[in-house]
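Q: Please take a close look at one part of this structure and explain how it sits among its surroundings. A formal account for a first-year student, with each term explained, would be welcome.

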Amino acid sequence: MSKELVIISGKGGTGKTTLTSSLAYLMKDKIIVDADADAANMYILMKPKVKYSEKFKGNPKAYIDPDKCTGCDICRKLCRFDAIDITDDGVYVVDEIKCDSCRLCEIACPEKAITMKDVFSGEWYESETEYGLFVHAKLYPGAENSGNLVTMVKHRAHILSEEKGIEYILVDGSPGIGCPVISTISGANFVIIVAEPTPAGLHDLERVKKLCDSFKVKSGVVVNKYDLNEEKTKQIEEFAKKEGIEVLGKIPFDKCVPDAIVNLEIPYAACDRIKNAIEQIYKRAMELL
């Protein structure tokens, strides 16, 4: 079975995708996965050629049949999400964005006028890139269920790795500690947590570390742009030592990195100042994987 290396962070903008794309450049025999379906951006650097795509069904949403509805108002009064409205013409309709798919209105409707209908909430893709096979997805704006979409994308990557005998799966995870992150780290062999040297960065690291511990997933820390605040970097290192997690490396700030991303280039390939740090992180992560 393929070994899975996941990169996550406590919030967006810490350098997670910068590190993942750089590791994708260095790592051999892998499938790349973008599990950040809510704000997918790895495709910008991977420049994929899509070979297969499929729509993703989210939770079903309530639908009111106007021919059966008598306007008794029971469903609207029961809906605690305020998802049912009445049009100027007196027709009862459901706001799909607000609908939580709880089915209470369907159960309560005495006329059986309400049914649950499937709704597509996103798409997923299998692609080829210069750096290997790429499985990725996007959620439609305002859509929910990204955790299930992440699970599906990772599952597809494992099927492909088995079929093609590929040894590693490299995953760019979602930021934060919510449902998509839980789906991302579930089953991972090792998680790299990218932290930034700010007061919020240390707090975010503490939360993400607890999440990894809860799921009994091994983790290590990378401090990005460490030289912008060396005092805070020291606090992160002290926290890591206290918690028994290894600091895999520290990446220096380099204005070349945002410039590279703007020019659609992999930061590792474009920026000499960060190369040594990225190579050391890659080497240590592969030893711990």
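A: A charge is said to sit over a ring if NZ of Lys or CZ of Arg is within 6 Å of the ring centre and within 35 degrees of the ring normal. Lys117 meets this description over the face of Tyr63, at 4.1 Å from the ring centre, and the charged end of Lys55 sits over the ring of Phe120, 5.6 Å from its centre. The model is predicted, so local features need pLDDT of at least 70 and side-chain atom pairs pLDDT 80 or more, while totals for chains, interfaces and linings use all residues. Residues are numbered from 1 along each chain as its sequence is written, and side-chain values use heavy atoms, without hydrogens or water.

The part chosen here is helix 1, residues 16-26. Helices (H or I, at least four residues) and strands (E, at least two) are DSSP runs, numbered from the N terminus. Helix 1 is mostly covered, with 10 of its 11 residues buried; buried means under 20% relative accessible area, exposed over 50% and partly exposed in between (1.4 Å probe, protein chains only). Among the buried residues are Lys16, Leu19, Leu23 and Leu26. Tyr25 counts as partly exposed because its relative accessibility is 36%.

Helix 1 packs against helix 11 (residues 272-288) at an angle of about 75 degrees, with the axes 10 Å apart. Helix 1 is therefore roughly perpendicular to helix 11, a term for angles of 65 to 115 degrees. Axes are lines fitted to C-alpha atoms, for helices over the stretch in contact, and angles run from 0 to 180 degrees between N-to-C directions. On one side of the contact (heavy atoms within 4.5 Å) are Leu19, Ser22, Leu23 and Leu26 of helix 1; on the other are Ile278, Glu279, Ile281 and Tyr282 of helix 11. These residues comprise six nonpolar, one polar and one charged.

The structure holds three aromatic pairs, in which ring centres of Phe, Tyr or Trp (its six-membered ring) lie within 6.5 Å; planes under 30 degrees apart are stacked, over 60 edge-to-face and the rest tilted. Tyr25 and Tyr131 form a tilted pair, 6.1 Å centre to centre with 45 degrees between the planes. Tyr25 lies in helix 1 and Tyr131 in the loop between strand 8 (120-129) and strand 9 (132-139), so the pair ties together parts 106 residues apart in sequence. Tyr25 also forms a tilted pair with Tyr268, at 5.4 Å and 50 degrees. This pair links helix 1 to helix 10 (residues 267-270), 243 residues apart. Tyr131 is buried at 17%, as is Tyr268 at 8%. Tyr25, Tyr131 and Tyr268 form one aromatic cluster.

Technical notes. Parallel < 35°, antiparallel > 145°, perpendicular 65-115°, else oblique. Nonpolar A, V, L, I, M, F, W, Y, C, P; charged D, E, K, R; others polar.
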